[in-house]
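Hi there,

Here is the structure I promised to pass along. Have a look at it first, and my notes follow underneath.

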Amino acid sequence: ILLFTILSYSLSKYFFYSSAIKNFSIIATPEFKSTASIINNKNITKSIVNNTIEGSALICYGGETTNVHGFLSYTFCQNPVASKIKNISIFSLIFGAVVLLLSAVLTSGNMGTSLYYFLSVISLGAIPSVYHLISVPINAANKRLRIYDAMLTGYRAADELELCNGIAVSSEALFPEGSIRLVDMKLLSPNPFDQSMLDAAAIASAIHSPIAGIFKQVNLAKTYKTSEPEVDSVIYEEKMGISGWVNDRRVFVGNRDLMVAHGFAGLPPAELDKKIMRKGYFPVYIASDNIPCALLVVRYEPDGDIAYELQRLSNTGTTVLVHNCDPNINVKMLCDYFEVYDETIAITTKQGSDNYRSLVEHREHRKAGAAFKSTVAGLFATLTASINIKKYVSILLIIYICSVVLGFLGLITCLFTGLYTFLSPLSIILFELIATFITVIGPIIRKP
């Protein structure tokens with residue numbers, strides 16, 4: 001029994017350190033990465049939430065960084081169930097002493113048998129599954145997270161993130177480069193096409209608009225492929241598009257409302273826009289030097305991983321707050337494309353978006369217990385895992401306590417009925433094996 005306990009403990013430590021090494025390999029690289037951080041400024045939180053979450057709000061976001069600090073303190077954190085296990089151990093000792101006296105009376109002072117009963121109580125009070133209550137859910141979660149180059153250090157990080165009831169992301173993160181396709185294009189004037197496209201690409205990139213990637217799908221002249229012009233200024237005009245100045249040229253990228261608002265003439269009939277949208281596409285107008293230049297027809301194709309992880313996160317009741325600078329994107333469009341409920345998503349206000357941009361901008365150092373390197377799917381999966389890990393730990397602790405109680409009841413039954421053969425070392429090991437299997441199988445099969 002002792003050897004089985006030592007083996008179980010050793011395995012739990014092996015998987016713990018193995019997972020820690022793999023986690024460290026994700027953040028121990030020079031390239032940029034993002035941390036799963038929490039907004040700790042009430043005013044910023046209020047501006048981003050803007051009454052979309054009832055009651056108090058705690059918001060998670062992905063902040064870009066080069067170096068992630070706090071890895072060791074988050075990894076080697078205090079065991080949250082240690083106090084409960086300590087109480088169970090104390091109870092086991094007291095119960096074992098009582099069983100020792102009872103067995104001494106029932107066996108006419110046979111101290112060998114009485115001592116065996118006492119040791120059996122101590123063994124059943126420390127079923128090896130106790131070593132896996134935290135490590136198994138954490139390791140199972142990290143196996144999923146590594147698919148997205150993401151990691152969760154340990155229970156402390158999960159405990160902090162689990163409290164979040166909202167998450168702030170950008171529309172650019174929801175539709176990364178390659179998920180918006182250029183379907184068709186129509187020239188609207190004899191303006192220098194390459195220059196207008198490059199100017200439009202420059203202001204779209206400067207404001208981190210999701211549509212910036214579509215300009216790479218346009219074949220520009222070689223003279224314009226190597227560099228983008230310098231952007232003097234750029235703003236997002238809500239629900240219409242973006243406008244800015246590039247080398248003393250005014251550039252517009254947006255929908256028909258943007259063109260009409262700035263007095264552009266020579267636009268295609270409005271029925272053309274409706275026809276494009278009936279096909280599931282979106283019209284994007286480009287204008288430069290006060291003349292409409294081109295009409296781009298684009299298609300939005302949500303990334304499968306992002307959509308799946310967003311759906312999993314929405315099932316936890318977490319609100320997704322989206323910083324947006326694309327007129328084609330709104331709450332209804334996001335809910336339809338990502339197949340989530342309307343209550344799941346909200347668009348931030350201008351003030352909220354400004355605060356969000358200042359939060360996520362690159363910092364050389366950030367302290368966090370979770371990080372990701374690829375798409376926002378890693379952030380969604382990390383927050384979902386944190387929420388589920390706390391639930392798993394609570395359930396596994398209940399299973400462990402029930403296993404201990406069941407073992408004690410079995411031992412008392414054997415003591416009063418004289419069925420000593422059921423208390424053989426092999427029987428105890430078999431019981432502990434079954435209890436451990438029941439404890440760990442849930443998180444392994446259905447990862448947090």
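Let me start with a spot in a loop: N50 has a relative accessibility of 39%, so it counts as partly exposed. Please keep in mind throughout that this is a predicted model. N50 sits in the loop that runs between helix 2 (42-49) and strand 2 (59-69). What caught my eye is its backbone: N50 is not a glycine, yet its phi is positive, at about 50°. N51 belongs to the loop between helix 2 and strand 2 as well, and N51 also has a positive phi without being a glycine, in its case about 65°. With a relative accessible area of 72%, N51 is exposed. For context, most residues other than glycine have a negative phi.

Next, the cysteines. How many disulfides does the count come to? The count is 0. Two cysteines help to show why. For C60, the closest cysteine sulfur is that of C164, and at 5.0 Å it is too far for a bond, since a disulfide needs the two sulfur atoms within 2.5 Å. C60 is buried, at 1% relative accessible area. For C414, the closest cysteine sulfur belongs to C402 and is 19 Å away, so that pair is too far for a bond too. C414 is also counted as buried, with a relative accessibility of 8%.

Finally, two helix pairs that I looked at.

Helix 4 (residues 82-106) packs on helix 5 (residues 111-124) at an angle of about 160°, and their axes are 8 Å apart. Because angles over 145 degrees count that way, helix 4 is roughly antiparallel to helix 5. Their crossing is right-handed. On the helix 4 side, the contact includes L93, F95, V99 and L100, which meet residues of helix 5 including L115, Y117, F118 and V121. By class, this contact of helix 4 with helix 5 has 11 nonpolar residues, 4 polar and no charged.

Helix 12 (residues 304-314) and helix 15 (residues 377-417) have axes that come within 8 Å and cross at roughly 25°. That angle makes helix 12 roughly parallel to helix 15, and the crossing of the two is left-handed. D305, I306, E309, L310, R312 and L313 of helix 12 meet A377, F380, A381, L383, T384 and N388 of helix 15. The contact of helix 12 with helix 15 divides into 7 nonpolar, 2 polar and 3 charged residues.

Happy to hear your thoughts whenever you have time.

Best wishes

How values were computed: Residues numbered from 1 in each chain as written. Predicted model: local features only at pLDDT ≥ 70, side-chain atom pairs only at ≥ 80, totals over all residues. Heavy atoms only, no water. Axes fitted to C-alpha atoms, helices over the stretch in contact; angles between N-to-C directions. Helix = DSSP H or I, 4+ residues; strand = E, 2+ residues; numbered from the N terminus. Parallel < 35°, antiparallel > 145°, perpendicular 65-115°, else oblique. Left-handed = near helix turned anticlockwise from the far one by under 90°. Contact = heavy atoms within 4.5 Å. Nonpolar A, V, L, I, M, F, W, Y, C, P; charged D, E, K, R; others polar. Buried < 20%, exposed > 50% of the residue type's maximum accessible area, 1.4 Å probe, protein only.
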